[in-house]
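Colleague: I would like a close look at one part of this model, the protein surface that meets the DNA, together with whatever in the surrounding fold helps to place it. Could you take me through it slowly, in one connected account?

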There are 2 protein chains.
Amino acid sequence: MLKDIIDNNENYQPGLSIDCVIFGFHDNQLKVLLIKAHRADKWSLPGGFIPVDQDIDTAAITVLNGRTGVEGVFLRQFATFGKVKRNEQHFDKKTLEYLQIEEEKGKWLTRRFVTIGYYALVDFSKILPNPVNKHEIVEWIDHKEVPELILDHREILDKALDTLRVELNLMPIGYNLLSEKFTIPELQKLYETILDKKLDRRNFLRKITNIGILTKLDEKKSNVAHKAPNLYSFDKEKYDEVLKNGLNQGW
Amino acid sequence: MLKDIIDNNENYQPGLSIDCVIFGFHDNQLKVLLIKAHRADKWSLPGGFIPVDQDIDTAAITVLNGRTGVEGVFLRQFATFGKVKRNEQHFDKKTLEYLQIEEEKGKWLTRRFVTIGYYALVDFSKILPNPVNKHEIVEWIDHKEVPELILDHREILDKALDTLRVELNLMPIGYNLLSEKFTIPELQKLYETILDKKLDRRNFLRKITNIGILTKLDEKKSNVAHKAPNLYSFDKEKYDEVLKNGLNQGW
DNA sequence: TTACATTGCGTCACAATAACACATTAAAGG
DNA sequence: CCTTTAATGTGTTATTGTGACGCAATGTAA
């Protein structure tokens, strides 16, 4: 896969890559999709290169699609990372040999790279981590237990989470991360997990329903301990409207 | 200048550039610093390329510095633009000939480019547009009267302004755009201009002073018609604190 | 049947906000 | 020199939003 790209590297933007921070929500945990080559010792964000004949947004969708298999999800560019030394010493001679990349072509990889960061919000239940090949493990990892990552991927991940926290105050989030039907406590847990902060149940209910993007279903969650919570779904039309106009007007 | 870069293009990131949207405030107008080559018919954003041995943020500072001469101003990356056709047909044969760039080297310029957008906030009164060379006009232009721009620079400018509008709700703005001493009405005009919306005088005063970043000076503006308004300055320490923590907590 | 954790709904005090009234100031004009 | 005019400075009030709670309702488990 990588070798194919290197061997045809004239078809790709040189020194430019894409990295995706893919968020999912499960078991009250905010998960991040990470990959690890079997022979590698560190995990990394799923990433890819940019075909010269593809918009960068399209290339990002390709990356996301290749790892998760889902389409039409929330995907947004959040920052571009370009410190000089960010990928220094990433591909060593051994790795290039292992990948059967000839030395001359290897230079395409070892040069200084700038990477464009995208973050995605996906429905955990609809995704089965999709290993691109047998040399690679793909796994959902709780964002609080992310191990050491390659290069500056930790910084990229942190920035993505920061961005998500800010966006939470500007637009509704949840449509992309939860199943179609969900409960208010579930939605609240999502908010609490992203913000890393406890919220008051009753005030949350009031605020979230006042936005006017929720539809209360005539149905309760079953098989739960204690009182069964009501199920809700998003009113997609109003949701999109609020997404466009933003939540807080500020001034 | 451009020719120097092309002739030594191995020292620059290929297919990657930086464009700066430089904002200033003067005469109750939000101004943008634009440039135009004498022989060109369209204006453009000041931009530049990225030396392989420079962080992208550093390269952006270089661009800003080359056009305005000021240092230590507010500069922030806001988006990266990478549509496939964004710079198609930008450099035609004639232009390359005019610039005395040989055909082979010209390919470095005509290839598909991705550009990283930065926006800057500068004190208009401290800047004199600084033409890099005699082939180029540099001018402050009211953002409402920006003429047709090259490539997708209009899109970049719009996105920068959008970002600025959003940031206005997240952090204090003004320190970088106004003189050291200023009046509340001036600050309000700035906000109104950016937001393109009238604000209530009295409510604005209350909100802006409640933030706690302003110092009321024992001095009034002189030589003005009607009642002389009081002068204020920013309390830099508190300003920076609010900058870091944000204005609205949201949830 | 009871205990208990969790959900649903409501209350209250207080803060923030929008809309507006009125006094103050200083230049300009007769 | 006095009045007009167009700004600024300082309130006031009604409404809405927010944070911190109380309490009843629900459904499982002991």
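Modeller: What follows begins with confidence, turns to the DNA surface, and then moves to the sheet and the salt bridges.

The model is a predicted one, and chain A has a mean pLDDT of 92, with 99% of its residues reaching 70 or more. Within chain A the confidence is lowest in helix H3 (residues 93-98), where the mean is 86, and highest in strand S5 (residues 114-121), at 98. Where pLDDT is low, predicted coordinates should not be read in detail.

DNA strand C is surrounded by 19 residues, and the closest of them are Arg201(A), Arg202(A) and Asn230(A) from one chain, with Arg202(B) and Arg206(B) from the other. By residue type, the surface near DNA strand C divides into ten charged, five nonpolar and four polar residues. Seen from the side of the DNA, 46% of the atoms of strand C within 4 Å of the protein belong to sugar or phosphate, while the rest belong to bases.

Contacts to the bases can be followed individually. A polar side-chain atom of Arg202(B) lies 2.5 Å from a base nitrogen of DNA strand C, whereas Lys227(A) places a side-chain N or O atom 3.2 Å from a base oxygen of that strand. For Lys227(B), a polar side-chain atom is found 3.5 Å from a base oxygen of DNA strand C. The elements that give two or more residues to this surface are helix H7 (201-210) of chain A and helix H7 (201-210) of chain B, and the largest share, four residues, comes from H7(B).

Asn230(A), named above among the closest residues to DNA strand C, leads on to the sheet, as strand S9 of chain A covers residues 230-234. S9 belongs to an open sheet of three strands in chain A, with the order S7-S9-S8 and antiparallel pairing. Strands S7 (182-183) and S8 (214-220) of chain A stand at the edges with a single partner strand each, so one side of each is left without a neighbour in the sheet. S7(A) is joined to S9(A) by two bridges, the two strands running antiparallel, and Thr183(A) of this region stands opposite Leu231(A) in S9(A).

The edge strand S8 also takes part in a side-chain link, for Glu219(A) and Lys181(A) meet in a salt bridge with an N to O distance of 3.2 Å. This pair connects distant parts of the chain, 38 residues apart, with Glu219(A) in strand S8 and Lys181(A) in the loop between helix H5 (153-168) and S7 of chain A. Both partners are partly exposed, Glu219(A) with a relative accessible area of 35% and Lys181(A) at 42%.

Over all chains, a search of the whole structure finds 30 salt bridges, and two from chain B can be set beside the one just described. Arg86(B) forms a salt bridge with Asp152(B), with the closest N and O atoms 2.7 Å apart. Arg86(B) lies in the loop between strand S4 (74-81) and helix H3 (93-98) of chain B, and Asp152(B) in the loop between strand S6 (136-142) and helix H5 (153-170) of chain B, so the pair ties together parts that are 66 residues apart in sequence. Arg86(B) and Asp152(B) are both buried. In the other pair, Lys107(B) and Glu104(B), the closest N and O atoms are 3.7 Å apart; these residues are three apart in helix H4 (residues 103-110) of chain B, and about one helical turn separates them. Glu104(B) counts as exposed, at 55% relative accessibility.

Definitions and conventions: Residues are numbered from 1 along each chain as its sequence is written. Chains are lettered from A and ligands numbered from 1 in the order in which they are written. This is a predicted model: local features need pLDDT of at least 70, side-chain atom pairs count only at pLDDT 80 or more; totals for chains, interfaces and linings use all residues. Side-chain values use heavy atoms; hydrogens and water are left out. Two strands pair if DSSP finds at least two bridges between them. A salt bridge is a side-chain nitrogen of Lys or Arg within 4 Å of a carboxyl oxygen of Asp or Glu. Buried means under 20% relative accessible area, exposed over 50%, partly exposed in between (1.4 Å probe, protein chains only). A residue is near a molecule or strand if one of its heavy atoms lies within 4 Å of it. A polar contact is a pair of N or O atoms within 3.5 Å; within protein, one must be able to donate a hydrogen and the other to accept it, and residues adjacent in sequence count only if both atoms are side-chain atoms. Ala, Val, Leu, Ile, Met, Phe, Trp, Tyr, Cys and Pro count as nonpolar, Asp, Glu, Lys and Arg as charged, and the others, Gly among them, as polar. pLDDT is the predictor's confidence in each residue, from 0 to 100.
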